[in-house]
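Visitor: I am new to this structure and would like to learn how its descriptions are justified. Could you take me through a few of them, step by step?

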Amino acid sequence: MKSLLTTTRVAALALGLAVSSPLISHAQKNYKPTKENLAAREKFRDRGFGIFLHWGLYSIFGQGEWYMTNANLNRDEYSKVAGAFYPAQFDAAKWVAAIKASGAGYLTITSRHHEGFSMWDTKQSDYNIIKSTPFKRDILAEFAELRDECRKQGLGFHIYYSLLDWHRDDYYPIGRTGQGTGRTKHGQWKTYDAFMNAQLAELVRDYNAEAIWFDGEWDQDENPGFDWHYDKMYAGIHALNPACLIGNNHHGEVHEGEDFQMFERDVPGANTAGLSGQAISKLPIETCQTMNGMWGYKIIDQTYKSDTTLIRLLVQTAGRNANLLLNIGPEATGALPATAIDRLEKIGKWMKTYGKTVKDGVREGIIPPQEWGVSTQKGKTVYLHILDWKSRMLSLPLTEKVKSVVAYDTRRPIPFQQTKLGLTLSFDKAPSEANAIDYIVEVTLH
Ligand code: GLC
């Protein structure tokens, strides 16, 4: 995608067309985060681990959140399914309890995904959960209220918002997705722009979003010169709440005005999914990943990652100074899939003992990621997360003076030698026998 963007820009420049630089026009100009914003960024990093919830009309079809465009469903036919949205089992308190049990510190929930349906009582369109479904409950409000109750326990409340819309006529020019959903009348961008900004104001002001998680910019990457007017949008959000964090899943370099950076389906620095060639910024970072293969509920996708894989992913992100945002696609009934609940419980069990080594003030460690695993750190305490044992001797590029080295769970001292070249640890038995998920060594520096 990056190369495509670049090609488009080069072609436009060659033609002498005015092309807006994403770094200049796609930005809140001269953005200086406030003290509250900087504090919110730290809190976000401290929380370390979040749960992503993709829930919308698409959950009824059970084909993932892209079904509308993938199957070229006509938007007028598609929207009829709102009349069948009655998730009788939905209980925000239950979801929050399951999320908290996993050790996660925040949740990020979809408010309006690409399908264009709003899951809250928005005043900007009747195509919403109150006006268009028999359910008539504002699920975002139910979470926001719960969040107030849970505030002392510190569960953060973040809101996902899709920039693109496969339903509305005024989402025009049409992007590279949603071309077969029957939007033929073509309205004016300025009404869409006003609609989005008014919705965002509701989410920030009335629902106390601690972060807005944007998605869908890439839909317009084939329309050169296209401008989302982020300057106005980001400034509007920060004017309502300077502490509200803005992140945007555009897969590119961060735009001015953004407060955190995200990587989709990859730890920062890796690009196995092909969505992450962008440079790693100095902002707080979040990696989002699915538990199975899809974001929205997909009936045939039962290929859930094992708890070991998910915990290791959390460790791998923490060792790269990033949060993990792990996704669940709730069912149309309002239930979280049983396998997802199982994974939350298992991660939670691990977090009870080891959570201290990946969150609550822990950041990437002094030793950069290695073949055997990663390091994390809080103050003078360095945690070595050994995920892949190579030998019973471990040589580390650590020249700071070391006071003690112990196994994290048993507190048994581990013999070590320190030279000018680094630190060498010797283990008496292969620790993989002791802990198959993540063997943690605690190194205390002088
Ligand atoms: C991609 C997908 C979208 C999903 C998002 C989550 O942008 O298009 O459906 O919500 O990733 O990271």
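**Reasons behind the descriptions**

Guide: Let us start in a loop, keeping in mind that the model is predicted. Pro173 is placed in the loop between β3 (156-162) and α9 (189-206), and the peptide bond that leads from Tyr172 to Pro173 is cis, with omega near 15°. His186 is also in the loop between β3 and α9.

Visitor: What makes the phi of His186 worth a remark?

Guide: Its phi is positive, about 55°, although His186 is not a glycine. Most residues other than glycine have a negative phi, and most peptide bonds are trans.

Visitor: Why is α11 called oblique to α12?

Guide: The axes of α11 (residues 307-318) and α12 (residues 338-354) come within 10 Å and cross at roughly 55°. Because angles under 35 degrees count as roughly parallel and 65 to 115 as roughly perpendicular, with oblique kept for the rest, the crossing makes α11 oblique to α12. The contact is made by Asp307, Leu310, Ile311, Leu314 and Val315 of α11, together with Arg343, Lys346, Ile347, Trp350 and Met351 of α12. By class, this contact of α11 with α12 has seven nonpolar, three charged and no polar residues.

Visitor: How do you know that Asp215 makes a polar contact with the ligand?

Guide: A polar side-chain atom of Asp215 lies 2.9 Å from an oxygen atom of the ligand, and since a polar contact is a pair of N or O atoms within 3.5 Å, the pair qualifies. For Glu264 the corresponding distance to a ligand oxygen atom is 3.0 Å, and for a side-chain N or O atom of Asn249 it is 3.4 Å.

Conventions
Residues are numbered from 1 along each chain as its sequence is written. This is a predicted model: local features need pLDDT of at least 70, side-chain atom pairs count only at pLDDT 80 or more; totals for chains, interfaces and linings use all residues. Side-chain values use heavy atoms; hydrogens and water are left out. Axes are lines fitted to C-alpha atoms, for helices over the stretch in contact, and angles run from 0 to 180 degrees between N-to-C directions. Helices (H or I, at least four residues) and strands (E, at least two) are DSSP runs, numbered from the N terminus. Angles under 35 degrees count as roughly parallel, over 145 as roughly antiparallel, 65 to 115 as roughly perpendicular and the rest as oblique. Contact means heavy atoms within 4.5 Å. Ala, Val, Leu, Ile, Met, Phe, Trp, Tyr, Cys and Pro count as nonpolar, Asp, Glu, Lys and Arg as charged, and the others, Gly among them, as polar. A polar contact is a pair of N or O atoms within 3.5 Å; within protein, one must be able to donate a hydrogen and the other to accept it, and residues adjacent in sequence count only if both atoms are side-chain atoms.
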